[in-house]
Amino acid sequence: MAIVTSFRFTPNSGAICVDQESWHIWRRKNWFTDHLYNLLDDNIAARYGVELVYGGVGHPPFHLETVEIARKRIADYLSQPNVDPATVTVEALGNLVLEAFHAVRTRRVNDRLEYFFGFNRDDLNNQSFTNTAGQHSIKNESVKQRALGIVQGSEPTGYGPLTPPVEACLIGVDKQYGFSAFCLKEKDGVLGFQSCWFEALGQGRQGAAIRFAKLLNQKSLDSRRAGEGKKEGAFYLLDAISEAMDHYGQNGGFARMMILDGNESEPDLRLRDVRDDAARLCIEIVKAVRNDLLPKEKAVELIQKAIEYSADTDAIEAEFFTASDNPALLGKLLRRYKISEPGLPNKGPEKTLFKHTSLSASVGAKGDSR
């Protein structure tokens with residue numbers, strides 16, 4: 001959960017992706033943490049034709065608490081009578097998420113102030129506080145300066161120095177504006193619109209952003225506005241997060257991706273959650289392309305199959321290895337051999353393990369208009 005990336009595929013579709021490596025307690029790490037959340041239940045999504053997904057980096061409990069508060073505020077707001085469906089947009093719901101973000105930030109600041117000094121942020125602003133012993137003025141300059149540092153963010157509110165800053169990406173689709181994405185940062189406290197069609201936050205964001213920029217800088221304005229399409233877009237999003245995983249510390253583990261398509265009416269098609277073995281397979285397919293062991297066109301096809309038919313990962317994996325010109329070398333790459341080293345034996349069990357197998361025509365990827 002050190003990096004979160006997002007990418008707009010078309011004016012009405014896009015996706016968000018996170019890694020699952022987490023560092024905590026100085027240098028201890030795990031490979032299974034992600035903070036990617038669907039904020040709306042199926043009934044709300046179906047009633048208003050909207051989807052909203054939150055992905056965060058930084059301190060894990062911050063995001064969990066934010067999501068729990070945001071879900072309740074959104075549900076309370078949309079349960080009011082006479083809510084105009086035209087006003088239920090990603091931005092409008094995003095402001096409720098921002099309020100939850102602020103509430104968590106305020107709670108953490110107040111906890112730290114009360115732990116050290118016995119007063120909260122409002123007391124600091126008023127220059128006095130009251131406790132069981134009566135009312136007291138806040139006069140000590142060193143106390144005031146440290147308290148201001150906590151409020152202003154120069155002193156972290158309880159997480160280690162290796163944890164990335166608390167930041168989040170919010171993506172969604174609605175009937176009025178199609179796909180929209182926003183950024184939330186603890187240090188800024190605003191809902192920032194994603195205007196360049198991609199986002200990269202956290203550790204390794206530079207590598208992911210460079211990969212997006214290389215793609216988009218080759219496009220004309222009209223082409224960028226039209227988007228890459230769902231199939232190509234998924235490949236480039238996974239490629240960007242793979243760039244970060246390959247070259248930056250604290251990025252790794254499996255990935256997890258949520259894909260939104262506002263053109264779909266069925267909930268399980270409007271929001272696809274790509275995780276576990278299907279997500280692992282997608283990252284491995286991209287890794288093969290990055291090392292010239294699989295044609296990009298075949299990778300795009302296989303990723304689409306993994307997204308649509310995640311239960312058939314065994315068959316997709318077999319097709320993946322069969323499509324490679326050198327399945328033995330591919331197997332070594334995925335087992336973390338240094339495949340460019342001279343003298344590496346070009347043999348292995350892959351040809352026997354992965355005999356030619358592909359998904360049947362009834363299960364194959366459906367394709368899309370782009």
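**Exercise 1. Is strand β9 enclosed or open, and how many of its residues are buried?**

Solution. The model is predicted, so local features need pLDDT of at least 70 and side-chain atom pairs count only at pLDDT 80 or more, while totals for chains, interfaces and linings use all residues. Residues are numbered from 1 along each chain as its sequence is written, and side-chain values use heavy atoms, with hydrogens and water left out.

Step 1. Fix the terms. Buried means under 20% relative accessible area, exposed over 50%, and partly exposed in between (1.4 Å probe, protein chains only). Helices (H or I, at least four residues) and strands (E, at least two) are DSSP runs, numbered from the N terminus.

Step 2. Count. In β9, 8 of the 8 residues are buried, so the strand is largely enclosed by the rest of the structure.

Step 3. Sort the side chains by direction. Glu167, Cys169, Ile171 and Val173 point one way from β9. Ala168, Leu170, Gly172 and Asp174 point the other way, and all of these residues are buried.

**Exercise 2. Place β9 in its sheet: what is the strand order, and which strands stand at the edges?**

Solution. Step 1. Two strands pair if DSSP finds at least two bridges between them. The order in this open sheet of 5 strands is β5-β6-β9-β10-β11, with antiparallel pairing.

Step 2. The edges are β5 (36-38) and β11 (191-193); each has a single partner strand, so one side of each is left without a neighbour in the sheet. From one strand to the next, the twist averages 25°.

Step 3. Take the partners of β9. Strand β6 (residues 51-57) pairs with β9 (residues 167-174) in the antiparallel sense over 7 bridges. Here Gly55 stands opposite Cys169, and Gly56 opposite Ala168. β9 also pairs with β10 in the antiparallel sense, over 8 bridges. Ile171 has Ala181 in β10 as its bridge partner, and a hairpin of 3 residues joins β9 to β10.

**Exercise 3. Which strands does helix α2 lie across, and which does α3?**

Solution. Step 1. Contact means heavy atoms within 4.5 Å. Axes are lines fitted to C-alpha atoms, for helices over the stretch in contact, and angles run from 0 to 180 degrees between N-to-C directions.

Step 2. Helix α2 (residues 60-78) lies across β5, β6 and β9, and runs at about 160° to β6.

Step 3. Helix α3 (residues 90-116) lies across β6, β9, β10 (178-185) and β11, and runs at about 20° to β10.

**Exercise 4. Describe the sheet that contains β1 and β2: what is its strand order?**

Solution. Step 1. This open sheet of 5 strands has the order β12-β1-β2-β13-β14, with antiparallel pairing. Its edge strands, β12 (198-202) and β14 (271-274), each pair on one side only. Neighbouring strands of this sheet are turned by 10° against each other on average, direction ignored.

Step 2. β2 and β13 run antiparallel and are joined by 7 bridges. Ser13 stands opposite Asp261 in β13.

Step 3. Add the helix. α6 lies across β1 and β12, and runs at about 165° to β12.

**Exercise 5. At what angle do α8 and α10 pack, and which residues meet?**

Solution. Step 1. Check the length of α8. The expected span of a helix is 1.5 Å times one less than its number of residues. The 18 residues of α8 should span 26 Å, and its end C-alpha atoms are 26 Å apart, which agrees.

Step 2. Helix α8 (residues 230-247) packs against helix α10 (residues 276-290) at an angle of about 75°, with the axes 9 Å apart. Angles under 35 degrees count as roughly parallel, over 145 as roughly antiparallel, 65 to 115 as roughly perpendicular and the rest as oblique. α8 and α10 are therefore roughly perpendicular to each other.

Step 3. From α8, the contact takes in Phe235, Leu238, Asp239, Ile241, Ser242, Glu243, Asp246 and His247. From α10 come Cys282, Ile283, Val286, Lys287, Val289 and Arg290. By class, the contact of α8 with α10 has 7 nonpolar, 2 polar and 5 charged residues (Ala, Val, Leu, Ile, Met, Phe, Trp, Tyr, Cys and Pro count as nonpolar, Asp, Glu, Lys and Arg as charged, and the others, Gly among them, as polar).

Step 4. The buried residues of α8 pack against β1 (3-10), β2 (13-19), α6 (205-216), β13 (255-261), α10 and α11 (296-308).
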